[in-house]
Amino acid sequence: MLKKGKSAALFEIGGGFEHWAERRLRYLMLAPAVVILLALTIFPSLYMFYAAVHRISPNPELPWQFVGTANFARLFSDGQFHVALRNTAVFTIIAVSLEFALGLGLALLLDKYIRRLTFLKTVLMIPMMLPPIAVAITWKLIYEPQFGVLNEIMYRLGLPTQAWAGDVDLAMLSIIVADVWQWTPFIFLLMLAGLASLPVEPYEAAELDGASSWRQFWDLTIPFLKPVIAIALLLRVMDALRLFDLVFILTGGGPADRTKVLSLYIYQVAYRFADPGYAAAISLFVLFVTLILSTWFMKRMRLVE
Amino acid sequence: MATTLRTRSRSRETLLRLSAYATILLALVLTLFPVYWIAANSFKFDIDIFAVPPEWVPRNPTLKHYDQAFIERPFLRYALNSFLVAIGTTAIAVTFGTMAGYALARFSYPWQWRKHVSFWILSTRMMPPIVSIIPLYLAFNYFDMLNTKSALIIAYTAFNLPFATWMMKSYFQDLPVELEEAAIVDGDTRWGAFLHVALPLARPGLAATAIFCLIISWNEFLLSLVITLTEQSQTLPIGIAGRVTQYTTYWGEISAAGFMACIPIVIFAFIVQKHLVRGLSLGAVKG
Amino acid sequence: MASVKFDNVTKKFGDFVAVADVNLEIRDKEFLVLLGPSGCGKTTTMRMVAGLEEPTSGDIYIDSDRINDVLPKYRDVAMVFQSYALYPHLTVEDNIGYPLKIRKVPPDEYKRRILEVARRVELDTMLKRLPKELSGGQRQRVALARAIVRTPRVFLMDEPLSNLDAKLRTQMRAELKHLQHELQVTTIYVTHDQIEAMTLAHRVAVMNRGVIEQLGTPREIYNDPRTLFVAGFIGSPSMNLIPGEAKDGVFASAGLRVEGAGHVNVRLAVLGVRPEDVHVAGPEDKDINLVAPIYSVELTGENTLVNLQLGGQLLTLRADKNFAGAIDQRVGVRIAEDRMFLFDAETEQRVDFQPDS
């Protein structure tokens, strides 16, 4: 029990610094992260804009040459860029659709049976945690035309063997399969979490109202899952748009540019063709598209507040 | 009538159950086979790797490739670099992310800052890393930081910090605010309430967030590929990719290194299994 | 030990005015209850004393010290939360001792005082348990012990009993009252439960929409409501409020005519009368104020609540527990005219019956 005599001291406003810091704690706690992120995102964006209006020679001795919008103009005429854009779109749409179809389908089918099998569930989640580079070399090994497992299976089934990642028509499919292998568990896991949080009563009511399970799925399950689906979709699309590692290892963008995606193209422009100015222009384009896309999506789905 | 209906639905239920378990089994095989395959090949002699038909189980198991990769070639060094970089960026991201996450979960700001800042932080997480490699490369070049682990730590913080912030925000939002209020009335400062009450209660979330940061950093490839060119600074994924050359692929070596790269991840996955859903959805789905 | 004073205190959350220009003085050693419906600003008022909210304008004093800018830790108040807010990661002992630990009380005194307080609330055998291993009532006691372990200048209690079941609540209510009497600490107690307010308080401040409608002893609040809100809020079942018109000493509404309503003229008036001041009579009796059919009859045990259909509304009266009446049966009603209140429906204030005296 605090002594009465101390009460005068109790009402001191508090030490100078303590009082100062307490009053500003909301800013002090947020500031470091904001400052770091500003430095790591806003600064590079501005710098990139600066780089994008210059011609940057591979020789560091030479000064940057101001070229105005020339690098942006190239975006319209550069056929390789259009190919990369198209490949990225194709990959994103097909891979994400497949992952959703498989992940959601499996979740609906297995929800009841796997709910308590926590260990098994975690085992099924392993692929998406693995280093993409390890996934890439694993699939490279499986796709290997001479001694790969896949061709062995084709042979056993009496089917013609293929070059897979080296085949003009199959390369993109090979990339997609590897990506689906790695990321279907992600959709599966999120959908299971969504299903586990479904309330029971509406289903009982629907049952009493005589709704078929098909109707229940469309009228109850899908609307309830919508927020989870939205988040999964956003994250997967953003991830698919930045695809790099798999392509880098499995195909290197080939054959015949069939798997050249945006990330890889930017990398090549910057380092192989040594044209950072133009690479910056493409980067800005990609940044712009992803920011628009993700912002629109996050606002629409009310993911923030 | 009723009995036939009942038996019919029961046999249907049995069928469903059987097909469900069959599907789980199939999924398990498809999930685990590639992992098994890389492990199996890492224990084979080169000649057995190239065997047609493939050797499903290594006939003459050997540790030759492990010796090659980790003793003769600098994969141990790469792994150490990966580890140090992961630790460094995780420490930064978790420290500042926890504070920022707490601030965004608890405090109010003028002009809806809370909403705007949260949103901005989330959108930085959405930024594809490729778009930052050019300015980062040029900046690190300017500051003479290419081929350093510090550069990697800084670069990785760009995506780990938003992640940690959102994760911790979601964990703090789960805590009842009265506990901190009680601490404040009991004589603690606002900061003290965070440190003595909120933080200990968010410890499981903190651990999960840290592990996720470690995993993300350990797995990162593109930034490291651009920023580091020397053995002293390259991470494990770059080391592995370096053995896939235009002319030949050192299958045994990369299988061994790749499998070793997977092991900590699998262990971590089991440690954070309860937090997987939340971690993978940036805190949005509670799981 | 301490008095608390609110001087023109206003608290806004954005555009929402939670507390509007409150003036209130809580006397030393007083048990003051802030009573009102949810959202009336009572909790906000109390939280400003703790320092958990800052007033938008106005001053708050403890004794003669203005505390607006004093950090909560230097205010020396203790608070019991509705959810108890026990630290789940600390044992009962450490929960109770937390305020002492913060104040760096030496270990032997720390132990001694925890034990002393724990004995007082009969928790001395559970000191090593975690909150989750306790029952609701025990948790409540831990919260209480944590508040009294350092004898603060002011106790703040935010609906501390509302999470307990009915029986335990009655018991804890008595214990609280006794404890406050023993400790002689100024207490501000927030509740929406009028029974708690009536039984615990020295004085009650009834709040509504951020404003203190009336401040007075429980008896004053009950017997002499100053506003329409207080009249309707206090009492269970609540006071009958009948809209009508008062003119030349007569209050008239559909189906009801009461004389002796003073000499005031109020065009939009409300007549208030408590159920226990309305009495059943025969439909043919003299001096009855009205005759109405029975709408429903509810036996509560100790008496019978009878609802009568009166125009478009119900008139509730408290009758003897042996009252026997059937629905639709017409009964006469006599209203205790000295127990009636007249309110102006527009200002919502009481209108005195004899303004010319």
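How far apart are the end C-alpha atoms of residues 83–105 of chain B, and how much of the span is helix? Select that span: its end C-alpha atoms lie 31 Å apart, and it is 100% helix and 0% strand. Helices here are DSSP runs (H or I) of at least four residues and strands are DSSP runs (E) of at least two, both numbered from the N terminus.

This is a predicted model, in which local features need pLDDT of at least 70 and side-chain atom pairs count only at pLDDT 80 or more, while totals for chains, interfaces and linings use all residues. Residues are numbered from 1 along each chain as its sequence is written, and chains are lettered from A and ligands numbered from 1 in the order in which they are written.

**Chain B: annotated spans**

Residues 83–105 are one of the spans of chain B that UniProt lists, in an unreviewed entry, as "transmembrane region"; the others are 20–39, 117–138, 206–230 and 250–272. UniProt positions follow the numbering used here, feature names are shortened, and annotations may be inferred rather than shown by experiment. Go next to residues 250–272 of chain B, where the end C-alpha atoms lie 33 Å apart and the span is 91% helix and 0% strand.

Now widen the selection to residues 79–272 of chain B, given by UniProt (unreviewed entry) as "domain: ABC transmembrane type-1". Over this stretch the chain is 79% helix and 0% strand, with 22 Å between the end C-alpha atoms.

**Chain B: two domains**

Colour chain B by domain: domain 1 covers 14–62 and domain 2 covers 66–280. These bounds come from an automatic or database domain assignment. The C-alpha centres of the two domains of chain B are 32 Å apart. Eight residues of domain 1 are in contact with seven residues of domain 2 in chain B, where contact means that C-beta atoms, placed from the backbone, lie within 7 Å. On the domain 1 side, helix H1 (2–42) and helix H2 (46–49) of chain B each supply at least two residues. H1(B) gives the most, with five residues. By class, this side of domain 1 of chain B has four nonpolar, two polar and two charged residues. Ala, Val, Leu, Ile, Met, Phe, Trp, Tyr, Cys and Pro count as nonpolar, Asp, Glu, Lys and Arg as charged, and the others, Gly among them, as polar.

**Chain A against chain B**

Show chains A and B together. Their contact takes 78 residues from chain A and 80 residues from chain B. Helix H3 (residues 25–52) of chain A provides the largest share of the chain A side, 15 residues. That side of chain A is made up of 61 nonpolar, 10 polar and seven charged residues.

Stay in chain A and pick A:Asp257, in the loop between helix H13 (245–250) and helix H14 (262–272). Is A:Asp257 buried, exposed or partly exposed? A:Asp257 is partly exposed, because 17 other C-beta atoms lie within 10 Å; 20 or more would make a residue buried and 12 or fewer exposed, with C-beta atoms placed from the backbone. Leaving aside residues up to four places away in sequence, A:Asp257 touches A:Gln80 and A:Val83.

**Chain C against chain B**

Move to chain C, where 19 residues are in contact with 14 residues of chain B. Strand E6 (77–80) and helix H2 (92–102) of chain C are the elements giving two or more residues to the chain C side. The residues of this side of chain C divide into 14 nonpolar, two polar and three charged.

**Chain C: sheets**

E6 leads into an open, mixed sheet of six strands in chain C, in the order E6-E7-E8-E3-E9-E10. Strands pair if DSSP finds at least two bridges between them. The edge strands are E6 and strand E10 (211–216) of chain C, and the twist averages 20° from one strand to the next. Strand E7 (residues 154–158) and strand E8 (residues 186–191) of chain C are parallel over five bridges; the bridge partner of C:Phe155 in E8(C) is C:Thr187.

Finally, select strand E14 (residues 266–273) of chain C, in which six of eight residues are buried. E14(C) pairs antiparallel with strand E11 (residues 240–247) of chain C over six bridges, and C:Pro243 stands opposite C:Val270. E14(C) also runs antiparallel to strand E20 (residues 341–344) of chain C, joined by four bridges, with C:Ala269 opposite C:Asp344.

Note on methods. Contact = placed C-beta atoms within 7 Å. Axes fitted to C-alpha atoms, helices over the stretch in contact; angles between N-to-C directions.
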